[in-house]
Amino acid sequence: MASESKRHRIERMHDEYRILCEEFPAPACALHFTNPFELLTATILSAQTTDKRVNTVTPALFSRYPGPAELAAARVEDVEDIIRPLGFYHAKSRNIVAMAHDVHERFGDTVPHTMDELTSLPGVGRKTANVVLCNAFGVPGFPVDTHVIRVTGRLRWRTDWRSVHPDPVHIEREITACFPPEEWTDLSHRLILHGRATCHARKPDCAACPLNDTCPSAGIFG
């Protein structure tokens, strides 16, 4: 692809996003939750696994530990027994119990709703905090997961698309600078859905991709 000016890149981003809006008219978080604490817990558990798999263990987890106070008082070993199918269950169990303890002790059983407060909790990074802010509290946020990193790189929506280890914070800032805040949440959801449905990690289905005509990476994966 020939060198592209910033203006043309942003115009192409918006054109391609309009197509993704048609492709995914009603995007939503794939994790099942009924309140901010459940979403926070589920998002911590979703690291290195799929949302679908997380949804198979959270009903039992939330039934036994319905709130921060109950989970804070849990034995880590008992939590491990429930979430074992997710992998990395030792660390995840410690993290969610410690997170629940802080929510209980520091925030009176109420999940905080600012980035700084959320990221002060054990096991909560910026991506997790953004998921909670935008899906539980309606605060504009742009969660950057592996799908967002991959899709924005292949589409060359970001200037560091060649980077082997791109910085998620840089990606968040660069992409959100091109869209109004009210679009950030659905933009992230649609990029994730596109990554899951078509722009797969190992073998993207370029032939079926609705962005095939303009994607700079179309067809290069064999």
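In this predicted model, the protein splits into two domains. Domain 1 is built from two stretches of the chain, 6-27 and 143-220, while domain 2 covers 36-137. Their C-alpha centres sit 28 Å apart. Where the two domains meet, domain 1 puts eight residues into the contact and domain 2 puts in seven.

As for how much surface goes into that meeting, domain 1 and domain 2 bury about 630 Å² between them, and carbon and sulfur atoms account for 53% of that area. On the domain 1 side, the residues that lose the most area to domain 2 are Pro143, Glu172 and Thr185. Taken together, these three make up 59% of what domain 1 buries.

Turning to the polar side of things, two salt bridges are counted between domain 1 and domain 2. Glu172, already picked out for the area it loses to domain 2, also forms a salt bridge with Arg126. In that pair the closest N and O atoms are 2.6 Å apart. Polar contacts across the interface come to four residue pairs, with both partners at pLDDT 80 or more.

Then there is the inside of the protein. With a cut-off of 30 Å³ or more, the structure holds one cavity, and the volume of the largest cavity is about 120 Å³. Its lining is made of 16 residues. Four cysteines, Cys199, Cys206, Cys209 and Cys215, lie nearest the centre of the cavity along with His194. Sorted by residue type, the lining of this largest cavity comprises 10 nonpolar residues, four polar ones and two charged ones.

Methods:
Residues numbered from 1 in each chain as written. Predicted model: local features only at pLDDT ≥ 70, side-chain atom pairs only at ≥ 80, totals over all residues. Heavy atoms only, no water. 1 Å grid on protein atoms, 1.4 Å probe; cavity = no way out; pocket = protein on both sides within 12 Å on 5 of 7 lines; lining within 4 Å. Points joined across faces, edges and corners; volume = space filled by probe spheres on them. Nonpolar A, V, L, I, M, F, W, Y, C, P; charged D, E, K, R; others polar. Domains from an automatic or database assignment. Contact = heavy atoms within 4.5 Å. Buried area = accessible area lost by both parts, 1.4 Å probe. Salt bridge = Lys/Arg side-chain N within 4 Å of Asp/Glu carboxyl O. Polar contact = N/O pair within 3.5 Å; in protein donor to acceptor, adjacent residues only side chain to side chain.
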